[in-house]
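Q: Here is a chain to go through by question and reply. Please keep each reply short and tie the value to its cut-off.

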Amino acid sequence: MRISVFGCGYLGAVHAACMASLGHDVVGVDVIEDHVALLGRGQAPFFEPGLPEMLQEALATGRLEFTTDASRAAGCDVHFVCVGTPQKRGENAADLTYVRTALTTLLPMLRAGDVVVGKSTVPVGTGEDLRERIVEVQPDAELIWNPEFLREGFAVQDTLHPDRFVYGVSDTGAGRRAAGVLDEVYAAALADGTPKIECDLATAQLVKVAANSFLATKISFINAMAELCEATGADVTMLADAIGHDARIGRTFLNAGVGFGGGCLPKDIRAFMARAGELGVDQALSFLREVDSINMRRRVRMVDLAREVCGGSIVGRRVAVLGAAFKPDSDDIRDPPALSVAAQMQLQGAHVTVTDPQALDNARKKWPELAYETEVLAAVAEAEAVLLLTEWPEYVALDPTVVKQAVAVPRIIDGRNCLDPRAWRAAGWTYRALGRP
Ligand code: UDX
């Protein structure tokens, strides 16, 4: 099939490459010239394992191109809208400017039978508005809402082998025909038995924000338990293991620590609350305000714990922070717990040095006042406290004896509960963690 992808960020670039790898002809459209140029050379503008290889393979077949010229999308049968929906400045609501602009660009190109597929995370109701605009201009084109659940770090695998497809389809002949077209796009994964849920437009838009709200709630639940554990001397990791054995609860997304960040969970729960307010059902989601607060409190607690460990003051103390990205296997520094803690400590008088395997270039641009080192041992040199805030495998595997030789005082705070306390204590470290004695 001939496919266009509007927006070549984390979602769109991966989607475009994966669709081309499945044999479709794909044109990726974006307004950022540098990103388009990089993608066209088979380089990803961000760190995503497996993506450069997939881009290079797909580009070599001649089935994939990236452009800033949106008119190249004319003649495509299926148009994916993958642009970002960031949080509005000073508000909880989502900014839909990019979605609306993409559609305005697309409208004059639509031919009878074309299918527009919405993938961006939007407030429920957006899809219905977009569909109205489409059928007004081209009555024989159709819109499907097909949310994307990919995780950064696993984006290629999640796109090629999703755990489910959700199609939000209008209850019309055109809707059913459009669903058939999307089935052709996803033929390979559907043939492998990937479940598909076909529903109305509103449900499909809600599925995405409901899923992210559930995940955020799960993380904040265990972080709330961590607060209880801190007050009672209990161990939140053992608590998570024990409740996680209950199949109804499950152990995934129960890792207590410095909390969630990134370009999705924080802004999605806020946009969801804002939308619920507009719909007059804000009470239904008032618990998400608490989910957000619990999450943010963990960052404050981390700074307090560092102060406690340093003997009551961090002023003038040398502190090393391991990790900058919002999670491992990513260079994404949107709302990153690690850098948020690092910046707070710096503002409160500590001398903070940050290291990260992938995110340092991005971090330097946004937080130029922090010091950065590419090597762990250089970052921890003469440190009076080390904070592990993003659980990159290389940090989890650090040898406490080796690291001890570099620091001034062997104090470690495990902000992700990913180290073995016994090993670190046995090597002579003061080990502290969130939610653990
Ligand atoms: C998320 C959703 O998982 C994905 O389905 C959706 O499409 C986009 O948003 P992503 O933002 O890539 O994906 O990150 P995710 O793996 O969900 O992690 C989010 C944050 O939660 C990270 O900061 C991570 O460190 C934190 N987290 C995750 C925890 O603090 N504890 C956990 O147990 C799990």
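**Domains and helix packing**

A: Between domain 1 and domain 2, about 1,400 Å² of area is buried, and carbon and sulfur atoms give 53% of it. The model is a predicted one.

Q: Which residues of domain 1 lose the most area to domain 2?
A: They are Phe47, Asn92 and Glu152. Together they make up 43% of what the domain 1 side buries.

Q: Why is an area used to describe an interface?
A: Because the size of an interface is often given as the accessible area lost when the parts come together.

Q: Where do the two domains run, and how far apart are their C-alpha centres?
A: The domain assignment gives 2-199 for domain 1 and 214-433 for domain 2. Their C-alpha centres lie 33 Å apart.

Q: How many residues of each domain are in contact with the other?
A: Domain 1 contributes 17 residues and domain 2 contributes 16. Contact here means heavy atoms within 4.5 Å.

Q: Why are H9 and H12 called oblique to each other?
A: H9 covers residues 201-232 and H12 covers residues 286-309. They pack at about 50°, with axes 9 Å apart. Roughly parallel needs an angle under 35 degrees, and roughly perpendicular needs 65 to 115. The angle of about 50° meets neither cut-off, so the pair is oblique. The crossing of H9 past H12 is left-handed.

Q: What makes the contact of H9 with H12, and how does it divide by class?
A: H9 brings Ser213, Ala216, Thr217, Ser220, Asn223, Ala224, Ala226, Glu227 and Glu230. H12 answers with Phe287, Leu288, Val291, Ile294, Asn295, Arg297, Arg298 and Arg301. Seven of the contact residues are nonpolar, five are polar and five are charged.

Q: Why are H11 and H12 called roughly antiparallel?
A: H11 is residues 265-278, and its angle to H12 is about 150°. Roughly antiparallel means over 145 degrees, so the pair qualifies. Their axes are 10 Å apart. The crossing is left-handed.

Q: Which residues make the contact of H11 with H12?
A: From H11 come Ile269, Arg270, Phe272 and Met273. From H12 come Leu288, Arg289, Val291, Asp292 and Met296. By class, six are nonpolar, none is polar and three are charged.

Q: What makes H4 roughly parallel to H5?
A: H4 is residues 97-106 and H5 is residues 126-137. Their axes cross at roughly 15° and come within 11 Å. Roughly parallel is under 35 degrees, so the label holds. The crossing of H4 and H5 is right-handed.

Q: Which residues of H4 and H5 make their contact, and how many fall in each class?
A: Val99, Arg100, Leu103 and Thr104 come from H4. Leu130, Arg133 and Ile134 come from H5. Four are nonpolar, one is polar and two are charged.

Conventions:
Residues are numbered from 1 along each chain as its sequence is written. This is a predicted model: local features need pLDDT of at least 70, side-chain atom pairs count only at pLDDT 80 or more; totals for chains, interfaces and linings use all residues. Side-chain values use heavy atoms; hydrogens and water are left out. Axes are lines fitted to C-alpha atoms, for helices over the stretch in contact, and angles run from 0 to 180 degrees between N-to-C directions. Helices (H or I, at least four residues) and strands (E, at least two) are DSSP runs, numbered from the N terminus. A crossing is left-handed if the near helix is turned anticlockwise from the far one by less than a right angle, and right-handed if clockwise. Ala, Val, Leu, Ile, Met, Phe, Trp, Tyr, Cys and Pro count as nonpolar, Asp, Glu, Lys and Arg as charged, and the others, Gly among them, as polar. Domain bounds come from an automatic or database domain assignment. Buried area is the accessible area (1.4 Å probe) that two parts lose on being put together, summed over both.
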